[in-house]
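Trainee: I would like to work through this structure with you, one question at a time. Could we begin once it is on the screen?

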Protein chains: 2
Amino acid sequence: MAGDGRVTEGTPAAPRRQARGQQRIQEILHAAAAVFGEQGYDATTTNAIAKRAGISPGSLYQFFKDKDDIARSLAAHYAAQLTALRAGVFTVETVDGADLEDLVDAVLGPLVAFNLAHPGFKALFARTDMPAGLRDAVAPIQATIHQRVADLIALLVPDRPPEGVARTATVAIQLVRAMTPLITEAEGPERDALTAELREALVGYLRRQV
Amino acid sequence: MAGDGRVTEGTPAAPRRQARGQQRIQEILHAAAAVFGEQGYDATTTNAIAKRAGISPGSLYQFFKDKDDIARSLAAHYAAQLTALRAGVFTVETVDGADLEDLVDAVLGPLVAFNLAHPGFKALFARTDMPAGLRDAVAPIQATIHQRVADLIALLVPDRPPEGVARTATVAIQLVRAMTPLITEAEGPERDALTAELREALVGYLRRQV
DNA sequence: TAACAATACGAGTAAATGCTCGTGTTGTCG
DNA sequence: CGACAACACGAGCATTTACTCGTATTGTTA
């Protein structure tokens with residue numbers, strides 16, 4: 001992660017990070033996630049990230065090539081945590097046995113919790129129109145997520161052709177992406193109600209495919 | 001529309017537009033819609049709009065106060081056309097008699113056509129995270145759309161409390177908003193397939209509420 | 001036609017912002 | 001300790017961009 005800690009991509013050697021630097025990288029990513037979550041990607045300035053991290057703008061650029069590089073690293077960071085999350089929550093076996101409602105709950109609950117715990121996540125993934133740099137930064141992760149959801153759905157609907165499965169995955173992901181900002185911005189019972197509503201939508205949609 | 005054609009909001013009198021000016025306003029809105037649709041709102045520069053409209057930057061600001069004012073006017077423009085669309089496509093009577101599938105089709109078909117015909121629409125309405133200026137600009141229209149969809153859903157589910165109807169409307173709208181960019185960007189059969197998939201999602205979701 | 005308002009121009013301005021650079025400090029390794 | 005690399009600073013550069021302003025032209029109105 002953190003672009004392998006490299007500042008440049010070309011011939012210049014990557015600096016060998018010392019403990020202080022490793023920690024700084026984490027602090028910067030943490031700060032970036034916070035500001036992205038509050039202001040959105042476009043509106044976030046690199047100086048604001050530096051300030052939030054308690055360092056100078058110059059220091060920031062000793063760890064990251066540019067703003068997109070921060071987004072890239074943060075996206076990779078989230079991807080890793082999502083993988084861990086998925087591994088902990090369900091396996092193929094649990095999928096096979098469970099019915100649709102339980103399956104949706106098993107995925108949706110941790111996913112909502114993840115979004116609440118990581119406010120910067122939605123800023124990177126929940127946008128429908130992205131600036132070119134950001135799109136490239138998160139594209140690989142988007143593809144990974146899509147693949148995983150498609151695999152899940154393929155288990156539910158074994159007869160369907162791959163393109164159909166892909167489209168179903170797309171719709172399901174889009175639905176979650178669109179609802180996530182509303183859910184995280186709501187609070188208390190309204191948040192729960194919106195989450196339940198999203199669940200209903202997913203179940204209702206997926207039921208039709210089976 | 002066009003902010004009533006006023007350039008300033010305060011005491012200074014609004015200029016009395018002549019035919020040339022009225023036409024310019026339309027040309028500017030048309031150009032803005034095109035560029036918004038291609039680049040997105042943030043990435044669109046006012047100079048690019050002016051160039052596309054074939055006028056100078058200075059001329060642009062004789063008709064619009066600022067960039068947000070253009071978005072506001074364009075949003076109002078779209079709102080008016082949407083109202084006309086709705087009036088032409090279905091009435092409360094048609095809703096009462098039809099079943100769910102037909103109702104969804106009746107709304108979705110023209111809506112997709114509208115988005116294809118007006119590429120700038122999604123740039124103003126389909127974003128999940130909006131800059132402050134844009135959010136304010138389109139908020140009233142969003143509210144109007146939400147109200148209309150809620151009214152429709154209230155007819156389908158008469159027993160439900162208003163908050164529940166509102167949430168269902170929210171989910172339905174979000175689903176359409178999220179899928180619209182994908183549908184407009186796709187072409188030919190893939191576009192049709194995605195549209196059909198969106199239809200399935202809406203029907204599946206709304207079925208559960210009835 | 002005289003006077004005024006609306007339209008048009010486009011170089012230029014002020015502000016924002018991603019990022020650099022010169023310099024100084026801290027850690028590492030022989 | 002000596003030398004070098006990593007880390008840190010923050011003023012400021014270069015660029016972008018929303019918007020202005022002085023000026024010239026076209027339309028309207030009495």
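Trainee: Which helices of chain A and chain B each supply at least two residues of the surface near DNA strand D?

Mentor: Bear in mind that this is a predicted model. A residue counts as near the strand if one of its heavy atoms lies within 4 Å of it. With at least two such residues required of each helix, both chains contribute to the surface near DNA strand D, and the helices are helix H1 (19–39) and H3 of chain A together with helix H2 (46–53) of chain B.

Trainee: Which of the residues around DNA strand D come nearest?

Mentor: There are 25 residues around DNA strand D. Of the strand's atoms within 4 Å of the protein, 68% belong to sugar or phosphate, while the rest belong to bases. The residues that come nearest are Arg16(A), Arg17(A), Ser59(A), Gln62(A) and Thr46(B).

Trainee: How many Å separate a phosphate oxygen of DNA strand D from a polar backbone atom of Gln18(A)?

Mentor: Several polar contacts to this strand can be read together, and for Arg16(A) a polar backbone atom is 2.8 Å from a phosphate oxygen of DNA strand D. Arg20(A) instead uses an N or O atom of its side chain, which is 3.3 Å from a sugar or linking oxygen of the strand. For the polar backbone atom of Gln18(A), the distance to a phosphate oxygen is 3.1 Å.

Trainee: Turning to DNA strand C, which helix gives the largest share of the surface near it?

Mentor: 24 residues surround DNA strand C, and the closest are Thr46(A), Lys67(A), Arg16(B), Arg17(B) and Gln62(B). Helix H2 (46–53) and helix H3 (57–60) of chain A, together with helix H1 (19–39) and helix H3 (57–60) of chain B, each supply at least two residues of that surface. The largest share, three residues, comes from H1(B).

Trainee: How far from a phosphate oxygen of DNA strand C does a backbone N or O atom of Arg16(B) lie?

Mentor: Sugar or linking oxygens take part as well, one of them being 3.3 Å from an N or O atom in the side chain of Arg20(B). A backbone N or O atom of Gln18(B) lies 3.2 Å from a phosphate oxygen of DNA strand C. For the backbone N or O atom of Arg16(B), the distance to a phosphate oxygen is 2.6 Å.

Trainee: Moving to the aromatic rings, why is the pair of Tyr78(A) and Phe121(A) edge-to-face?

Mentor: Plane angles over 60 degrees count as edge-to-face. The ring centres of Tyr78(A) and Phe121(A) are 5.4 Å apart and their planes stand at 90 degrees, so the pair is edge-to-face. The pair links distant parts of chain A, with Tyr78(A) in helix H4 (residues 67–89) and Phe121(A) in helix H7 (residues 119–125), 43 residues apart.

Trainee: Which residues form one aromatic cluster with Phe121(A)?

Mentor: Phe114(A) and Phe121(A) have ring centres 5.2 Å apart and planes at 90 degrees, so this pair is edge-to-face. Phe114(A) and Phe121(A) are both buried, and Tyr78(A) is buried too. The residues that form one cluster with Phe121(A) are Tyr78(A), Phe114(A) and Phe125(A).

Trainee: Where in H8(B) does a kink lie?

Mentor: The 25 residues of helix H8 (residues 132–156) of chain B should span 36 Å at 1.5 Å a residue, and the end C-alpha atoms are 35 Å apart, which agrees. Its buried residues include Val138(B) and Ile141(B). The kink, of about 45 degrees, comes shortly before the proline Pro140(B), at Ala139(B).

Technical notes:
Residues are numbered from 1 along each chain as its sequence is written. Chains are lettered from A and ligands numbered from 1 in the order in which they are written. This is a predicted model: local features need pLDDT of at least 70, side-chain atom pairs count only at pLDDT 80 or more; totals for chains, interfaces and linings use all residues. Side-chain values use heavy atoms; hydrogens and water are left out. Rings of Phe, Tyr and Trp (its six-membered ring) pair if their centres lie within 6.5 Å; planes under 30 degrees apart count as stacked, over 60 as edge-to-face and the rest as tilted. Helices (H or I, at least four residues) and strands (E, at least two) are DSSP runs, numbered from the N terminus. Buried means under 20% relative accessible area, exposed over 50%, partly exposed in between (1.4 Å probe, protein chains only). The expected span of a helix is 1.5 Å times one less than its number of residues. The bend at a residue is the angle between axes fitted to the seven residues ending there and the seven starting there. A polar contact is a pair of N or O atoms within 3.5 Å; within protein, one must be able to donate a hydrogen and the other to accept it, and residues adjacent in sequence count only if both atoms are side-chain atoms.
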